[in-house]
Amino acid sequence: MGIAKDRIKIPSDVDNYITDELPDPVNESNLYNTITTCMIHDPCGPLNQKAACMKEGKCNKHFPKPFLDATFFDTNGYVCYKRTSTAHHTTQFGQIVDNGYVVPYNKRLCSWFRAHINVEYCGWNMLIKYLFKYISKGADRVKYTIKKQGNTDAASTSVPTATYQGSTNHDCRPINEVQNYLDGRYICSHEAVWQIFDFHIHHRYPPVQVLTVHEENMQQMVFNGESSILEVLSNPYASTTTLLGWINSNSRGNQGHDLTYLDYPKKYKWDKSSKSWDRRVHESSKMVGRLVFIHPTSGELFYLRMLLCHQNGCTLFKDLRTIAGTIYPTFRAACNALQLIGDDVEWLTCFTEAAMWATASQLRSLFCHMLFFCEVSNPLLMWNAAFDRMKDDYMHTVSVQVTDKIVTSLAGIVEQQLLHDLDDMLRSVVPSKSMRDCGLPVLSVYVTGVLQNRLLLE
Ligand SMILES: [Zn+2]
């Protein structure tokens, strides 16, 4: 996957990189041969109702694609490629196919490699979540059994031959599925070469310093299981965190007092070995700090985190709840004095921050938790601010049910699907609530019927 340094923002610029049409068979004969050999979806739909890709009367890859005179982005940032009804065509399995069956490709790549190389535009605003899902989801895996040659004793590992689950087993002896189960990583030849040469899979910039958040004497400690309690308690090194390091650093020197905990990594570097903050020699470093997420139902800890973004130079935990010389009894009271809370601003800030990294499903759960436990004063205001962020996955689910990717007309159904699921979630808790109880939009009777459609609910 490649990411252009300057993101493509004008639809017609996509045409410079991606083509969805057959080349000219005379002027681009070599490319035409490659495309017609490697980049054509096998005839399906009206040309072949029995094709393997046909599911319930439709091609599951949405071919043939509709003709479009110009490339454009739909309202969700998905691209719809230009695909004109030119006279160019080719023959596949005795059927004449046109541009509707061409798989998107890059002319230069296909000319060089003369192979199937599908190139797609990924420029939508949630691309970063998509990328991180692939980076963090782990490697491809296969389930398999290992058997002796000529012996079906599945527990043996000598002379291994891999057999995929589901293969026919003529042995009538009972199979110990627990003992038989193996979870193996699958490495294809390309990945193996990549790993042998120690190439990086991805690169992150700017570097991020994770900043722990905890109340006084409530930090997480890691110690050896054989240690005694006294040993653990007398070892300050084991209990030091980035937050305690910030407070200690403020106590020792005069520099850095103008920085909040959140901004501290801009000028200070966390030394993991000494567990202390050191002033950066090169202040041009682009290191950014990120406070760990604290759920809004966590009480004082949630408000402490909020103060860590605003208070600077603290030498004691008490300083965090000291505003203009007044020591407030709780972190929440201090937030109130700083006017950081009220009118749901704290919940809106929390949701907006979570929306940067959380999945739509996690955001729906967070939204319902807030309605239940956070005394949201204006749920409709929250709904209007949060609605767009909670439906990413629905847009995908609904869009794959239609033959083209123009999902604008389905926005209403997506909204109703969201209302439906949120209402279910609110009703599943005891004592239950409903969207109507919270003063939020309710499901329309008509769309409720549409949502009974099994495909959409899946
Ligand atoms: Zn098809």
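**Close-up views of helix α17, its crossing with α14, and C38**

**View 1. Burial and length of helix α17.** The buried residues of α17 are V414, Q416, Q417, L418, L419, L422, D423 and L426, where buried denotes 20 or more other C-beta atoms within 10 Å of a residue's own, the C-beta atoms being placed from the backbone. The model is predicted, so that local features need pLDDT of at least 70 and side-chain atom pairs count only at pLDDT 80 or more, whereas totals for chains, interfaces and linings use all residues. Residues are numbered from 1 along each chain as its sequence is written. Helix α17 (a DSSP run of H or I of at least four residues, numbered from the N terminus) comprises residues 411-427, and because its 17 residues should span 24 Å at 1.5 Å a residue, the 24 Å between its end C-alpha atoms agrees with expectation.

**View 2. The crossing of α14 and α17.** The axes of helix α14 (residues 360-373) and α17 come within 10 Å and cross at roughly 50°, and the two helices are therefore oblique to each other (neither under 35 degrees, nor over 145, nor from 65 to 115). The contact, defined by C-beta atoms within 7 Å, is made by R364, F367, C368 and L371 of α14 together with D421, L422, M425 and L426 of α17.

**View 3. The surroundings of C38.** C38 is found in helix α2, residues 29-38, and is partly exposed because 16 other C-beta atoms lie within 10 Å, a count between the limits of 12 or fewer for exposed and 20 or more for buried. Leaving aside residues up to four places away in sequence, C38 touches A115 and H116; the C-alpha atoms of C38 and A115, 77 residues apart along the chain, are separated by 6.1 Å.

Key: Expected span 1.5 Å × (residues − 1). Axes fitted to C-alpha atoms, helices over the stretch in contact; angles between N-to-C directions. Contact = placed C-beta atoms within 7 Å.
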